[in-house]
Amino acid sequence: MTAEPLRPTHSGPYVAEDLDRIPDLPPHTELIDGNLIFVSPQALFHALAKQAIWNALDRTVPSQLFVTAEMTVKLTKNTRPEPDVLVVDIQAVRGIRQTGFEAADVLLVVEVVSPESKNRDRKKKPDLYAAAGIPHFWLVDDVDGKTVVEVRKLDKELGSYDLVGEFTDCLEVEEPFPVTLDLWEIDKRRS
């Protein structure tokens, strides 16, 4: 049995709400500048890093915040990316059928770099998140077989992120709330 091809209702540009309306979109489809972005299968590093970051955040998240993964964030009318991990205001959690959040409700987004989306993860998405006013951005990458986490904080006046730190052994930050993660938790599972 062959899968039916995706038949979007129009050729674009798409708007944020289209992600919930177009039937049979592949999982983890993102909307960037009105274009549908179909994501490749993830590598093991991606899965391990995402889970370790989620676990570290979830251990210490304050009660007024909520940690989740792979939920879209509406940044503009036609941009709705899907960060790997995000922290949102608990008041923004509306129910089990919810598919995304508004940028104003997001405190932190985490992107784990994939080889096929390196440019988008490293350049395009940070610019989009900063323009939407999301206060914290973390970028997790596999650099020469070692996990590296770049922690960035929004400079509201410039509308861009400043690098707070680059972590290779132990991620330890105080903002947006205290988090510690021994990056060996990711690296030890490599084969």
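## Accessibility and the predicted model

A residue counts as buried when its relative accessible area is under 20%, as exposed when the area is over 50%, and as partly exposed in between. The structure discussed here is a predicted model, and these classes are used throughout the description of its residues.

## Overall form

The protein is built from 4 helices and 12 strands. Its C-alpha atoms, taken along the principal axes, fill a box of roughly 45 × 40 × 30 Å. For 191 residues, a compact globule would be expected to have a radius of gyration near 16 Å, and the value for this protein, 17 Å, agrees with that expectation.

Of the 191 residues, 45% count as buried, while the protein as a whole exposes about 10,400 Å², of which carbon and sulfur atoms supply 51%. Among the contacts with a separation of 6 or more, 51% are accounted for by residues that lie 24 or more positions apart in the chain.

## Two loops with positive phi

Glu70 is placed in the loop between strand E3 (65-69) and strand E4 (72-74), and there it has a positive phi of about 50° although it is not a glycine. Its relative accessibility is 25%, so Glu70 counts as partly exposed, because that class covers the range between the 20% and 50% limits.

Asp144 is likewise a residue other than glycine with a positive phi, here near 55°, and its place is in the loop between strand E8 (136-143) and strand E9 (146-155). With a relative accessible area of 79%, Asp144 is exposed, since the limit for that class is over 50%.

## A cis peptide bond before Pro176

The peptide bond that runs from Glu175 to Pro176 is cis, with omega near 10°. Pro176 itself belongs to the loop that connects strand E11 (170-173) and strand E12 (179-182).

## A nonpolar patch on the surface

Phe66, Ile90 and Val93 form a nonpolar patch on the surface, and together these residues have about 190 Å² of accessible area. Of these patch members, Ile90 lies in the loop between strand E5 (85-89) and strand E6 (100-102).

Ile90 has a relative accessible area of 31% and is therefore partly exposed. Patches are made of residues with over 30% relative accessible area and no salt bridge, so the 31% of Ile90 satisfies the accessibility part of that requirement.

Key. Residues are numbered from 1 along each chain as its sequence is written. This is a predicted model: local features need pLDDT of at least 70, side-chain atom pairs count only at pLDDT 80 or more; totals for chains, interfaces and linings use all residues. Side-chain values use heavy atoms; hydrogens and water are left out. Patches are made of residues with over 30% relative accessible area and no salt bridge: like charges are joined within 9 Å, nonpolar side chains (Val, Leu, Ile, Met, Phe, Trp, Tyr) within 5 Å. Accessible areas come from the Shrake-Rupley method with a 1.4 Å probe; for residues, only the protein chains shown count as cover. A salt bridge is a side-chain nitrogen of Lys or Arg within 4 Å of a carboxyl oxygen of Asp or Glu. Buried means under 20% relative accessible area, exposed over 50%, partly exposed in between (1.4 Å probe, protein chains only). The radius of gyration is taken over C-alpha atoms; the globule rule is 2.2 Å times the number of residues to the power 0.38. Contact means heavy atoms within 4.5 Å.
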